[in-house]
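Visitor: I should like to learn how to read strand pairing, sheet edges, disulfides and helix packing from a model. Could you take me through them one at a time?

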Amino acid sequence: MIRLRQIVSFAIAVFAPALAIAQGTTGTITGTAREEGSGRPITNARVTVVGTGISVPTRDDGTYIIRAAPAGAQEVRVLALGHAAQKLAVTVPAGGSATLDFTLTPTAIQLEQVVTTATGEQRKVEVGNDIPRINAALTVETKPVTNITDLLNARAPGVEVLAGTFAGTGQRIRIRGTNSLSLSNDPIVIIDGIRMESATGSSSIGIGGSTPSRLSDIDPNQIESVEVVKGPSASTLYGTDAANGVIVITTKRGRVGGAKWETYLQHGRVSDHNTYPTAYTIFGHSPTGALRTTALGNCSLPNVSLGTCIRDSVASLNLFAEKDLTPLAPAYEEEYGAGVSGGSETLRYFLQGNYSGEQGVYKVPQFEVERLLAKNGFIPGEQLRPNALTRATFRANVNLQLSPLADVAVSTVYISSAQRLPQTENNTLGLTSSGYGGPGYRTNGFISGTTSLLNGYRAFTPGDMFQETTGQDINRFIGSISPNWRPLSWLTTRGNFGVDFTNRLDTHICLQGQCSDFGSRRLGFKEDNRTNFFQYTFDASGTAQFRLTDAVTSKTTAGAQYFRRNFARNGAFASVLPPGATTVTAGAVPSADEATTYTVTAGTFMEQTFALRDRLFITGAFRADNNSAFGTRTSVAIYPKASLSWLVSEEPFFPKPNFLSQLRFRTAYGQSGTSPGANDALAFFAAANANLADQGTAAITFSALGNPDLKPERATEFEAGADIDLFDNRASVTLTGYKKKTRDALVSRILPPSAGVSSTRFENLGSVQNSGFEASIRAQLLKLRQVGFDADLNYAVNNNKLVSLGNVPPIIGLDIRELPGYPLFGVWQRRILAFTDINGDGILTANEVVVSDSALFIGRSSPHVEMSVTPGMDFWNNMFRLTATFDRKGGFWIKNSNERIRCNQRLNCSGLANPEAPLWEQARVVALRDHPSRTEGGFWEKGDYTKLRELALTFNAPKSWLNHRFTPGDRLSMTLAGRNLKTWTQFTGMDPEQAAGAEGNVQDPFQAVPPPRYVTFRVNLGF
């Protein structure tokens, strides 16, 4: 902390002399910003006095007013989305007013002019990194977006998103690959200037894999934009934990003008159009006449070929395709919202309330409905439809102009949600364990305690499974206050102070006499876990801007940040409930537990930018951090940064070809970190009993040695690229290459037994490298009054490898190995080299399959290449717009682990018992069950796929239609859209995005459910 105090003192010393300078005289600048050609006013444009921190938005009528502008000759710049920037000179009289009007040229594509960085908003041309921006407000209105995962998916190059597969479950987000072997690879999330809780796996009760995510609490209808800060070269000043990238969310705010109401409603159908696996069973007999079947493990295809089983018949059943057996049914999605915004120069406001609800596609099948009604007389709704999510969100954002020199922005949101999740995935008592695992016929036994058939379900049926209810209730408040003060014309101070508080209630209950008959479950139990999350952000900085010469300007920013996260949980559990009891206190066998952790990050930063003739920008910066998770012998972590941005097309020597609108070269270098786990560096003790003088006494023993030298993982990245605008801004090309290396990667090291403590501890031993290329192309290819055509293309390739594990030997798992020189989480297995049906009977046996002698490298477990294409067409003067998004991911492997368990343990897969099964399908079953290698390598398949991610048709009502008493308002649009409409893949599982918990580093479809299809209809009305 001594070094931190020294850094803070140095930062203050930089500004101390300048603060003594008296403020010069000021004046006022007024004017209007209009669009060239149409003359319409441009709203919410950013009007800035160049070389100062003074910036104001334009009103609804395009006018603006800048008070306290420095007197004398000044330059004023206007930036507006979808328009070319403009800069004009003006002379401001001391104590007087000057008028300056702007006419901005519209661009054919939506060019972003401003990006958000750790030091505030900056012009995009000043930044040496590629920071893509998603126009959330427009996307949500015109695309099938039901949650924030939909908003991010396939919209920015280098950002891989794997969505949860049923209502309310979390997502996996990876930016420019995987950096860490042991720590989280998730980006951090900033909302309105403060850090928010965004953890995946946010539940204390599991259902088999998938869990909720706190990022999904945020309603996309209230978001204005999302920016993606991709790597350490851009995220340095966000500090420790920003090495995996930063997602910056900006919510909607009010604009100067009269009150404007915005309302919307959306209804959707959620349905499952996936092809589920069919179960097969061979019935046969031995040469002596004894009954044999696949279900008993003595009549498979190899048994038939070897003559140990004589086939009589083959039964097949796909219970997901049988009307009375299927646990699937169409469901719904709905959203409603209303808000008002407006205000004066003194006070602007945005108020909105939203409700959303979604029901999952899972239900009690018809044959179970009849059984339960006969037994109980009714079925509770939470059991009939066990998957659902409802959420209400209330937001109030206010901007207050305290004086011409000071303003404050206040952002608040309250979120309340209720969620229930079904038992499924990697869960013996779950839907898919029995649904995928039953035989090829219905008469496979009886439901425990009844005379009702299992009807093809392996061990338990949905009627009993869904009586075990798991729920999660969330009450959350996120509030921030962001003051800005300009005490001098060249000095601007800013702050972001806020809190994110989440109260989470996880419940799990099974009433006495209900649920699946497994162990003591039918005696009843109740689990009640209550968790509070607090995240505090304190962020303050000051920026000094000077014009050093006519050609050179300087901008210096220094600041400090404090971030704290508290986690506190109390859990209560009781089993053996009395009849009808629903509380923990009623249980006969109670237990309780608690957990508390906290982490603190404190840091200071400084950034210096020089601009030469407003076209060459050179930036250098550093951040110094301390963190509570660092070891006691670890000093402050210092992360440097440097970048260069050059508008070369504006240089006098540069040729001016007609096709080129703008050319910018950029490059950046930076470092950032990822902190260890909150307790990884700490020594721990465990309670024990000891014998002292033949008397039992309390004692403690070491349970973890800790590591006082533990440091953050440190990622260093170099990025370079070019931004090219072409054909009078009708096309834009962004090209970026990067190389990133993570050093001091945490590796779990085995300790010698002589240490007398836990067998492993984390040490900073490894290194990981990511490199890649990203491209983004946006173009308007045709623009006529009756028809227009445009297209967006995003492309990214990532190369990942583990460079070193230090002095730790390779980490060998069943399928996943960590070997230097190969990708992190690489796939290794003994592979099937060949197979031949030697005797020509159409069935393979062990002697007809050749398997490698040892495990071979198969490939990556995460995508190597990602690409999305979004074509769009406009019709009849933009009255209708049709868009589609095709999403491609390739160069990776997925284990068809669901089929593997069906072949090896459930004994019902096609390759084992279907005489029509192709030889390749039989080969992997033989290699798994009959070959001496017992390899699962044949179940690793190429995961490459192309998906019709979105299709949307939007109708924009002409203004003339709205001037009618039956259609009040000034803006009306309607959108019919679909998501997950079609998949093209060679993967033989249900869907290549199927995952038992999307948040893991290795996608595993083990007994997982595939994603459903959404079709939505949305109406937006403004007045």
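Visitor: How many bridges pair strand 38 with strand 39, and in which sense do the two run?

Guide: As a general idea, strands of a sheet pair through backbone hydrogen bonds, either parallel or antiparallel. In this model, which is predicted, strand 38 (residues 760-783) pairs with strand 39 (residues 787-804) in the antiparallel sense, and 16 bridges hold the register between them. To find your place along the pair, look for Ala779, which stands opposite Ala791 of strand 39. The two strands form a hairpin, with three residues between strand 38 and strand 39.

Visitor: Which strand is joined to strand 39 by 11 bridges?

Guide: That is strand 46 (residues 865-875), which runs antiparallel to strand 39 and is joined to it by 11 bridges. A convenient marker is Val787, whose bridge partner in strand 46 is Phe875.

Visitor: Where does the chain have Trp876 and Asn877, and what are their phi values?

Guide: Trp876 is placed in the loop between strand 46 and strand 47 (880-890), and Asn877 lies in that loop between strand 46 and strand 47 as well. Phi of Trp876 is near 50°, a positive value in a residue other than glycine, and for Asn877, likewise not a glycine, phi is positive and near 60°.

Visitor: Which strands does strand 52 pair with in the antiparallel sense?

Guide: Strand 52 (residues 1013-1022) is joined to strand 18 (residues 257-271) by 10 bridges, the two running antiparallel, and strand 51 (residues 971-985) pairs with strand 52 in the antiparallel sense over nine bridges. On the side of strand 18, His267 has Phe1017 of strand 52 as its bridge partner, while on the side of strand 51 the bridge partner of Arg971 is Gly1022.

Visitor: How should I read the order of strands in a sheet, and which strands stand at the edges of the five-stranded one?

Guide: When you follow a strand across such a sheet, keep in mind that in a regular strand the side chains alternate between the two faces of the sheet. Here five strands form an open sheet in the order 11-16-17-14-15, and the pairing is mixed. Strand 11 (133-134) and strand 15 (194-195) stand at the edges with a single partner strand each, so one side of each has no neighbour in the sheet. Within this order, strand 16 (residues 223-229) and strand 17 (residues 246-251) pair in the antiparallel sense over six bridges, and Val229 has Val246 of strand 17 as its bridge partner.

Visitor: What is the order of the open sheet of three strands, and how is it paired?

Guide: The order is 20-19-21, and the pairing is antiparallel. Strand 20 (291-293) and strand 21 (310-317) are the edge strands, each with a single partner, so that one side of each is left without a neighbour in the sheet. From one strand to the next, the twist averages 20°. Strand 19 (residues 279-285) pairs with strand 21 over seven bridges in the antiparallel sense, and Ile310 of strand 21 is the bridge partner of His285.

Visitor: How many disulfides does a search of the whole structure find, and what does the one between Cys299 and Cys309 tie together?

Guide: The search finds three disulfides, one of which joins Cys299 to Cys309 with an S to S distance of 1.9 Å. The angle about its S-S bond is -70°, and the link is left-handed. Cys299 lies in the loop between strand 20 and helix 5 (301-306), and Cys309 in the loop between helix 5 and strand 21, so the pair ties together parts that are 10 residues apart in sequence.

Visitor: At what angle do helix 10 and helix 12 pack, and which residues make the contact?

Guide: Helix 10 (residues 897-906) and helix 12 (residues 919-929) pack at an angle of about 60°, with their axes 10 Å apart, and the two helices are therefore oblique to each other. Their crossing is right-handed. Helix 10 contributes Glu899, Arg900, Cys903 and Asn904 to the contact, and helix 12 contributes Glu921, Arg924, Val925, Leu928 and Arg929. Sorted by class, the contact of helix 10 with helix 12 comprises three nonpolar, one polar and five charged residues.

Notes:
Residues are numbered from 1 along each chain as its sequence is written. This is a predicted model: local features need pLDDT of at least 70, side-chain atom pairs count only at pLDDT 80 or more; totals for chains, interfaces and linings use all residues. Side-chain values use heavy atoms; hydrogens and water are left out. Axes are lines fitted to C-alpha atoms, for helices over the stretch in contact, and angles run from 0 to 180 degrees between N-to-C directions. Helices (H or I, at least four residues) and strands (E, at least two) are DSSP runs, numbered from the N terminus. Angles under 35 degrees count as roughly parallel, over 145 as roughly antiparallel, 65 to 115 as roughly perpendicular and the rest as oblique. A crossing is left-handed if the near helix is turned anticlockwise from the far one by less than a right angle, and right-handed if clockwise. Contact means heavy atoms within 4.5 Å. Ala, Val, Leu, Ile, Met, Phe, Trp, Tyr, Cys and Pro count as nonpolar, Asp, Glu, Lys and Arg as charged, and the others, Gly among them, as polar. Two strands pair if DSSP finds at least two bridges between them. A disulfide is a pair of cysteine sulfur atoms within 2.5 Å.
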